[in-house]
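Student: Please take me closely through one part of this model. Keep it simple, as I am new to this.

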Amino acid sequence: MAGKKKLPDLADLDRMLGLDIVRVTEAAAIAAARLRGRGDEQAADQAALAAMHAALAGLPFPGKVVVGEGDKGEAAHLFVGETIGHGKGMVFDIAADPLEGTTICAKNLPNSLSVIAVAGPDGLLHTPNIYMEKIAVGPGYPAGVVDLDAPARVNIAAVAKAKGVPAEEVTVCILDRPRHMRLIAEVRETGASIRLIGDGDVAGVIHTSDPEETGIDIYMGSGAAPAGVLAAAALRCTGGQMFGRLMVQNEDHLRLVKAAGIADPARIYAVEEMAKGEVLFAATGVTDGNFLSGVRFRGDRVRTHSILMSSATGTIRSIRSSHPDAAKGC
């Protein structure tokens, strides 16, 4: 007697649907890249959103958006709770940002990306759209090498010791924001170098995964909580460490936290709690960056550079693709 067909798990998805997921970020990146450097953040963001939503609708499995463009009523597409894709069976969690770094794209500056993460049901932390304190390092360090509650000098000293280098050879990535002035001063007092970024902290966290390539050892500071979940999904695939805590600053924030089903607003989440179980993560460069090239338009072809990561297999694939340019009728 034939048994029931096995429901695909994340390891199966890596083999069966990895390229389908990359196609989602490729579509969004190409759409955004047509508007990069034009100074119109909203137009680029909306173009990426429309392209990603259309590509997601074609995925051969159902997914529920847990990190997207906002709550239902705030966004027409990719709102939290939206079910997208088709097919029956397990509904996977989807976290997506069609255009990570809208300002970066509008100004044609480095490290604008299109990103997506897929996990099993309840695999991705549902957070309200408030800030999150974050600290992250890449793979190869002892467990707990960084501590979200420790001063910057302590974390830098711990990473320097683990690397076997002086603090002066450690580089910290921080969002260039007024709220980080004290943190920046504390880091500089240690002698460590700082890489200030204007936007795009998903890319900032991911950069810690390969310091030899990106030159970044630690990510510190605060940024959007949904972006923290996307970054955690990437680090789950690379073996990095990350800790995050929601910044509940007023009663409205507390209400949003409770609505998201979070009982302890002060809880510190490890990377494994923000992205549980097996995870797939994909990103495509919109503009040139430290680890991904931006979209290239060459005659009637479009070239993209993407990365596909799987926590189930530990595989990290760099994918360079050449597409016919649909805008030219090819």
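Student: Which residue caps the N-terminal end of α2, and through which atoms?

Tutor: D40 does, with a side-chain oxygen 3.4 Å from the backbone nitrogen of Q42. That is a polar contact: an N or O pair within 3.5 Å, one able to donate a hydrogen and the other to accept it; residues adjacent in sequence count only through two side-chain atoms. First, a caution: the model is predicted, so local features need pLDDT of at least 70 and side-chain atom pairs 80 or more, while totals for chains, interfaces and linings use all residues. Residues are numbered from 1 along each chain, and side-chain values use heavy atoms, without hydrogens or water.

Now the helix itself. Helices are DSSP runs (H or I) of at least four residues, numbered from the N terminus. Helix α2 covers residues 41–57. Its 17 residues should span 24 Å, because the rule is 1.5 Å times one less than the residue count. The end C-alpha atoms are 24 Å apart, which agrees.

Which residues of α2 are buried? They are A44, D45, A48, L49, A51, M52, H53 and L56. Buried means under 20% relative accessible area (1.4 Å probe, protein chains only). Here a general rule helps. An α-helix has 3.6 residues a turn, so residues three or four places apart point the same way. Look for that spacing: A44, A48 and M52 are among the buried residues, and so are D45, L49, H53 and L56.

Methods:
Helix = DSSP H or I, 4+ residues; strand = E, 2+ residues; numbered from the N terminus. Buried < 20%, exposed > 50% of the residue type's maximum accessible area, 1.4 Å probe, protein only.
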